[in-house]
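Student: I am new to this structure and would like a close look at a single part of it. Please take one pocket and then the helix packing that goes with it.

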Amino acid sequence: MFFQTMPRCWTAYALASSLLLAVGGASAAESARPVSPELRAALMQAVGASDSFAHPFDAEVWLLDMAQRLAPFVPEREQRLEWLRLIHAEATRAGVPPEMVLAVIEVESRFERFALSHAGARGLMQVMPFWLEELGRPQDNLFDVATNLRYGCTILSHYYQRAEGRWHEALARYNGSFGKLWYPERVFKALDARWYAR
């Protein structure tokens, strides 16, 4: 199972989420301030388009929680919700935790859609353009968020499977720093600090 290989903080998050759902309470972030009608409407639109969640309530809880965490990087509310919906869908399709994808994006591009590395990696997940030629799809735009997430999540999933569930190895391969720990440690630091409840 995927989460059996995750750090202990992930288990705590899953337990806390289960308790919140069981008692019908709001997330800690949500209870800190009231939800505006505009946010509620935007969230409901995103929830309605989110078929990667088991239940609409799961979508609402996750999207609202993560949207508040993403706000320092992406100020525009509708953009945050759309990106989160895409991240969840692509991560789920690829079989990787969406929270891990959020941590990778934070480290790779800090959620800059048009990020371009000195090596030529592009977009949110810093996908290398050689993949376009490799797949015979030179027309694909790696600065398009949906396209970038499809490539990035698929590549991350491949390395996770190749590493037989060892995230440190998978992340180092994703970054091209296999055999070194600095990149996986940065991703796990972002994951623990922002994308999972403490």
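Student: How many residues line the second largest pocket, and which of them lie nearest its centre?

Tutor: Bear in mind that this is a predicted model. The lining of the second largest pocket is made up of 17 residues. Nearest the centre are Ala-121, Gln-126, Met-128, Tyr-174 and Asn-175. The space in this pocket comes to about 390 Å³. Three elements each give two or more residues to the lining: helix H7 (130-134), helix H8 (145-162) and helix H9 (167-175). H9 contributes the most, with three residues. Sorted by class, the lining of the second largest pocket holds ten nonpolar, five polar and two charged residues.

Two of the helices named for the lining, H8 and H9, also pack against each other, with an angle of about 135° and axes 8 Å apart. Angles over 115 and up to 145 degrees count as oblique, and H8 and H9 are therefore oblique to each other. The crossing of H8 past H9 is right-handed. On the H8 side, the contact is made by Gly-152, Ile-155, Leu-156, Tyr-159, Tyr-160 and Arg-162. On the H9 side, the residues are Trp-167, Ala-170, Leu-171, Arg-173 and Tyr-174. Tyr-174 thus appears in both settings: it is listed among the residues nearest the pocket centre and in the contact with H8. The contact of H8 with H9 has eight nonpolar residues, one polar residue and two charged residues.

Other helix pairs can be described in the same terms. The axes of helix H5 (residues 77-94) and helix H6 (residues 98-109) come within 8 Å, crossing at roughly 120°. That makes H5 oblique to H6. Their crossing is right-handed. From H5, Leu-84, Ile-87, His-88 and Ala-91 meet Pro-98, Val-101, Leu-102 and Ile-105 of H6. The residues of this contact divide into seven nonpolar, one polar and no charged.

H6 has a further partner in helix H10 (residues 182-195): the two axes come within 8 Å and cross at roughly 115°. H6 passes H10 in a right-handed crossing. H6 brings Glu-99, Met-100, Leu-102, Ala-103, Val-104, Glu-106, Val-107 and Glu-108 to the contact. H10 brings Tyr-183, Arg-186, Val-187, Phe-188, Ala-190, Leu-191, Arg-194 and Trp-195. By class, the contact of H6 with H10 has eleven nonpolar, no polar and five charged residues. Leu-102 of H6 takes part in the contact with H5 and also in the contact with H10.

Terms used: Residues are numbered from 1 along each chain as its sequence is written. This is a predicted model: local features need pLDDT of at least 70, side-chain atom pairs count only at pLDDT 80 or more; totals for chains, interfaces and linings use all residues. Side-chain values use heavy atoms; hydrogens and water are left out. Axes are lines fitted to C-alpha atoms, for helices over the stretch in contact, and angles run from 0 to 180 degrees between N-to-C directions. Helices (H or I, at least four residues) and strands (E, at least two) are DSSP runs, numbered from the N terminus. Angles under 35 degrees count as roughly parallel, over 145 as roughly antiparallel, 65 to 115 as roughly perpendicular and the rest as oblique. A crossing is left-handed if the near helix is turned anticlockwise from the far one by less than a right angle, and right-handed if clockwise. Contact means heavy atoms within 4.5 Å. Ala, Val, Leu, Ile, Met, Phe, Trp, Tyr, Cys and Pro count as nonpolar, Asp, Glu, Lys and Arg as charged, and the others, Gly among them, as polar. On a 1 Å grid over the protein atoms alone, a cavity is a set of points where a 1.4 Å probe fits but cannot get out, and a pocket is an open set with protein on both sides within 12 Å along at least five of seven lines; lining residues have an atom within 4 Å of a point. Grid points are joined across faces, edges and corners, and a volume is the space filled by probe spheres set on the points.
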